[in-house]
Amino acid sequence: MPSRSVVSSAFALAALFTAYAASAQSIEYRPDAKLWVIQAGNFTYAMGVDERNWLQSLYWGPRIDRAGDIRAAHSLPERAAFDLPSTTTPQEYAAWGAGLYTEPDLKAIFAGGNRDVVLEYVDQHQTHDSNSQTLDITMRDIKQPVVVHLFYRVYTGQSVLERWSTIENQTKEDLVLEDAASATWSLPNLENRNYRAHWLTGRWAGEWQLQSASLEVGSQVIESRRGSTGNQANPWFALEGPDAADEEHGPVYFGELGWSGSWRITMEQSSFHQVRITGGYNPFDFGYRLAPGESLTTPPFYGGFTDGGMGEASRILHRFQQGVIIPGAPHPKLRPVLYNSWEATEFNVSESGQLALAEKAVQLGVERFVIDDGWFGQRKDDHAGLGDWYVNKEKFPNGLKPVIDRVHQLGMDFGIWVEPEMVNPDSDLYRKHPEWAINFPGRPRTEGRNQLLLNLARPDVMEYTYRWLDDLVSNNDINFLKWDYNRNWAEPGWDAVPVADQKKIYVAYVNNLYAILDRLRAKHPKLEIESCSGGGGRVDLGILRRTEEVWPSDNTDALDRLSIQDGFTHAYAPGVMMAWVTDAPHRKTPLKFRFLVAMEGSLAIGANLNNFTPEDMSTAKDLVAFYKTVRPTVQQGLQYRLIAPSRPAAPSERAATEYVSADGARAVVFAYLHSQNFGDPYPLIRLEGLDPKALYRLRPLDPNQLRSPQEAGGSYWMHHGLQFDLRGDYDSTAVVLERQ
Ligand code: GLA
């Protein structure tokens, strides 16, 4: 007789398999109907070739199990002389030609002056590897051999469809691409009722503001023209169906780009209420010359659908990032607790000062010690030094080694700040190579924070940058780089190449940045990297393939952070989000409040520990220890936004979030009250994602802040709710639920 545990694990496996099989991934081609049905986990996506040989979108939405029910595409008739089929057909990838008035995916100029491109279907083929399946559909212009490959990829166990394209010039003359999007996503036309669009905007020290509005006829454009992803908008969108109910229920279509340069996403509703989302390279100032035989590949545009509201849409993206995108996927490492003195000491770093902080940090349970800006060149403030990546001997007379050795002795690993793409005019590098800065010859060079950008598109600059980074990491025992980028582009000239190629800087720069990161990572497999751009200016799925973590904002005020983190986690996983406890720069908030907010991501400390009282040290130590018990659940579990903090459209004086471990055995709830009006009691909080039949025992951070039984079933916590007792201003608490 098999033992009980064998039987029960066989049962569990069978249950798992059924759940998995019901939402498996596949790409099926039906040659009879010339259509493709893509099963991407919990949703279905379909497209087909019509009688004109155009590729049309057929379906995007909840899973349709009988793929055979999806019918072939048919050409649309002319609606009016003003609304030709090229505009009314929901094309998968519309080239500008034949009377297209909606947002194009592709716009080109041929050497002879022709600007008309019409793509028709040629053929398809599919490939697969151990965890993904890819479809490549070949399209070609009706007259000239301009070939476009449309790629569709699904990943095992993920409910995300990845799309991108490659444009090949097979003609005998140059072709200039003025617009090259990754893909267009068409939404179902739901009876003239509007979708609700969500997108993220911001500014330096105020990123990740969740904007929400009805998508009316016309276009809502989000973009960056800055050369990098930008703090002002993020390449993510979500559209809630007109009948969406709440955070956890209702249809949501969503997507995000994997590109760290200028980008654009256009959410468009036509006069016929067709909604399309087109995204990729920003066509503003775009011009990419393809010589005969050359091609251009566009960034990936990932998309998904769920019936589980904005909450599930976020969790699908978090799971996808953890499972596919982030270095180490599908099992990325947990983020260590980090200390960084930037906000405490700014440029005033020294061997003795950093060592004193390291001795204190380790007492709190810190696992990684990072020296920020100020350690190199003639760097006293932000006027000089960028570009001169040698150790400043006044601050570190013995080099970095004594600090690194001591940090290791204390049991922490060591990281350092770099800003490799920048140069101060007051630097040896700039004096030697002024031509390396991005500029238009003879024109002013606009500075930002007294610095200019190095033109990474130049092979010599790329090589130089890689070399000194490799030396820095090879010659010192460095585990971690905080890679910063503190301004946007101005005067984006590249005079080392012919005029016809100068606008390629937008693509070449970013590809070379990726190449440096990839090379560095390949040579130093243990190295971890954080992407920072004066805060959250370079967060996207392109950089996240190469960096374990990102810095969401230079604003570390805990109350502002609640909103910032709320916006951030709509698009990105809590595990990649660095969150520092600092000295409360804008307003005074209790240390515990600051710690709990920072625990909702990758916890770090940036406060001046020299000013910590013994009581602060002991509070901090206890809270770091508490964090370590919930770290895997927060960083890699399922996140539920129970009470949203203040958003641009809806102020709130409370916030609560829950994280449930992937195996459902543990949950942690964080709750905040920033100002108690009229002495109102804290509302009951209904939890999500628990096993309704299982028993959960509470482990509160502070039992005095809880008015609930110590133990109850999942359905009690989910339907009756959890009762906290929070009072006054900036009160906060947390509780762990453990399945018995
Ligand atoms: C940027 C970063 C900060 C800090 C400074 C250093 O602003 O976002 O965290 O590293 O640069 O100059």
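**Exercise 1. How much area do domain 1 and domain 3 bury between them, and what share of it is on carbon and sulfur atoms?**

Before we start, note that this is a predicted model, in which local features need pLDDT of at least 70 and side-chain atom pairs count only at pLDDT 80 or more, while totals for chains, interfaces and linings use all residues. Residues are numbered from 1 along each chain as its sequence is written, and side-chain values use heavy atoms, with hydrogens and water left out.

Solution.
- Step 1: Find the domains. The assignment, which is automatic or taken from a database, places domain 1 at 10–325, domain 2 at 338–547 and domain 3 at 640–739.
- Step 2: Locate the pair. The C-alpha centres of domain 1 and domain 3 are 38 Å apart. Nine residues of domain 1 and five residues of domain 3 take part in the contact (heavy atoms within 4.5 Å).
- Step 3: Read off the area. About 660 Å² is buried between domain 1 and domain 3, with 48% of it on carbon and sulfur atoms. Buried area here is the accessible area (1.4 Å probe) that two parts lose on being put together, summed over both.
- Step 4: Find the main contributors. On the domain 1 side, L210, E247 and E248 supply 57% of the area buried against domain 3, more than any other three residues.

**Exercise 2. Describe the polar links between domain 1 and domain 3.**

Solution.
- Step 1: Count the salt bridges (a side-chain nitrogen of Lys or Arg within 4 Å of a carboxyl oxygen of Asp or Glu). There is one between domain 1 and domain 3.
- Step 2: Inspect E247 again. E247 pairs with R641 in a salt bridge whose closest N and O atoms are 2.9 Å apart.
- Step 3: Look at secondary structure, where helices (H or I, at least four residues) and strands (E, at least two) are DSSP runs numbered from the N terminus. β12 (209–214) and α3 (309–325) each supply at least two residues of the domain 1 side that touches domain 3, and α3 gives the most, with four residues.

**Exercise 3. Which salt bridge partner does K504 have, and how many residues apart are the two?**

Solution.
- Step 1: Identify the partner. K504 forms a salt bridge with E294, with 3.9 Å between the closest N and O atoms.
- Step 2: Place both residues. K504 sits in the loop between β26 (480–483) and α9 (505–523), and E294 in the loop between β18 (288–290) and β19 (295–297); the two are 210 residues apart.
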